[in-house]
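Open the model in your viewer and get ready to select residues by number. Each stop below tells you what to pick and what you will find.

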Amino acid sequence: MNKLEIIIASLTALVVLYIFIPKDKKDLEPEVTVEENLPLVAWIDTQKHPWDGTMRDVVKIKYLVERENTIVWMRDMTGRIVHVTPFKVSPYKHKPNRVHEYVWRLYETNRSEYIPPGDYEIIVGTNINNTNNYWLPITI
């Protein structure tokens with residue numbers, strides 16, 4: 001064989017090996033550690049109102065999503081549902097569960113009404129009457 005043929009065959013083999021050898025793919029989503037003993041955490045915070053710039057009260061809720069179509073309900077102590085998340089959250093396809101954060105505005109907006117101070121219950125699950133739901137009492 002000619003030296004030129006050997007060089008071309010070697011370069012072709014290197015290119016084919018480079019194409020077919022699997023590469024480590026970086027996961028673009030950040031790693032989130034889930035604590036099984038705290039599937040639902042909520043705290044009262046403030047947020048700048050987008051229209052007038054004043055600071056308003058909100059409740060930040062961080063919850064574990066284990067099943068598809070997970071919803072968050074807020075219920076007062078009389079049993080009346082005062083707020084429901086406007087969307088459903090499902091786990092990622094390549095992970096068994098995920099942690100999602102939701103902001104519950106206590107002031108009146110286009111999508112929510114004013115929430116007076118009192119005792120409330122936050123419920124996370126797929127059906128409000130399910131026994132597998134997570135719930136957390138909170139005082140506002």
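The tour starts with the whole chain and then moves from stop to stop.

**Stop 1: the whole chain**

Keep in mind that this model is predicted. Colour the chain by secondary structure. The protein chain holds 1 helix and 7 strands. Follow the sequence and the pattern reads α-β-β-β-β-β-β-β. Now show the surface. The protein chain exposes about 10,300 Å². Carbon and sulfur atoms supply 56% of that area. Of the 140 residues in the protein chain, 28% are buried. What share of the contacts with a separation of 6 or more comes from residues 24 or more positions apart? The figure is 54%.

**Stop 2: a hairpin**

Select residues 40–48, which are strand 1. Add residues 55–65, which are strand 2. The two strands pair in the antiparallel sense, over 9 bridges. Pick Ile44, then look across to strand 2: the bridge partner of Ile44 is Val59. Strand 1 and strand 2 form a hairpin, with 6 residues between them. Click on Gly53 in the turn. Gly53 has a positive phi of about 80 degrees.

**Stop 3: strand 2 and its other partner**

Keep strand 2 on screen and select residues 98–105, which are strand 5. Which way do strand 2 and strand 5 run, parallel or antiparallel? They run antiparallel, and 8 bridges join them. Pick Lys60 and look across to strand 5: Lys60 stands opposite Val103.

**Stop 4: His100**

Stay in strand 5 and select His100. Is His100 buried or exposed? His100 counts as buried because its relative accessible area is 18%, and the cut-off for buried is under 20%. Show side chains here. The side chain of His100 makes a polar contact with the side chain of Arg98, at 3.4 Å. Next, light up the residues that His100 contacts, leaving aside neighbours within four places in sequence. They are Ile61, Lys62, Tyr63, Val65, Phe87 and Val89.

While side chains are on display, one general point helps. In a regular strand, side chains alternate between the two faces of the sheet.

**Stop 5: a cavity**

Turn on cavity display if your viewer has it. How many cavities of 30 Å³ or more are there? The count is 1. About 50 Å³ of space lies in the largest cavity. Select its lining: Leu64, Val65, Glu66, Arg67, Thr70, Val124, Gly125, Thr126 and Tyr134. Strand 2 supplies at least two of the lining residues, and so does strand 6 (119–125). You have met Val65 already, among the contacts of His100.

**Stop 6: Asn69**

Move to Asn69, in the loop between strand 2 and strand 3 (71–76). Check its backbone. Phi of Asn69 is near 60 degrees, a positive value in a residue other than glycine. Asn69 is partly exposed, with a relative accessible area of 40%.

**Stop 7: Arg80**

Finish at Arg80, in the loop between strand 3 and strand 4 (81–84). Arg80 is partly exposed too, with a relative accessible area of 47%. Select what Arg80 touches, not counting residues up to four places away in sequence: Met74, Arg75 and Glu113. Then pick the C-alpha atoms of Arg80 and Tyr120 and read off the distance. These atoms are separated by 9.8 Å, while the two residues are 40 residues apart along the chain.

Notes:
Residues are numbered from 1 along each chain as its sequence is written. This is a predicted model: local features need pLDDT of at least 70, side-chain atom pairs count only at pLDDT 80 or more; totals for chains, interfaces and linings use all residues. Side-chain values use heavy atoms; hydrogens and water are left out. Two strands pair if DSSP finds at least two bridges between them. Helices (H or I, at least four residues) and strands (E, at least two) are DSSP runs, numbered from the N terminus. Buried means under 20% relative accessible area, exposed over 50%, partly exposed in between (1.4 Å probe, protein chains only). A polar contact is a pair of N or O atoms within 3.5 Å; within protein, one must be able to donate a hydrogen and the other to accept it, and residues adjacent in sequence count only if both atoms are side-chain atoms. Contact means heavy atoms within 4.5 Å. Accessible areas come from the Shrake-Rupley method with a 1.4 Å probe; for residues, only the protein chains shown count as cover. On a 1 Å grid over the protein atoms alone, a cavity is a set of points where a 1.4 Å probe fits but cannot get out, and a pocket is an open set with protein on both sides within 12 Å along at least five of seven lines; lining residues have an atom within 4 Å of a point. Grid points are joined across faces, edges and corners, and a volume is the space filled by probe spheres set on the points.
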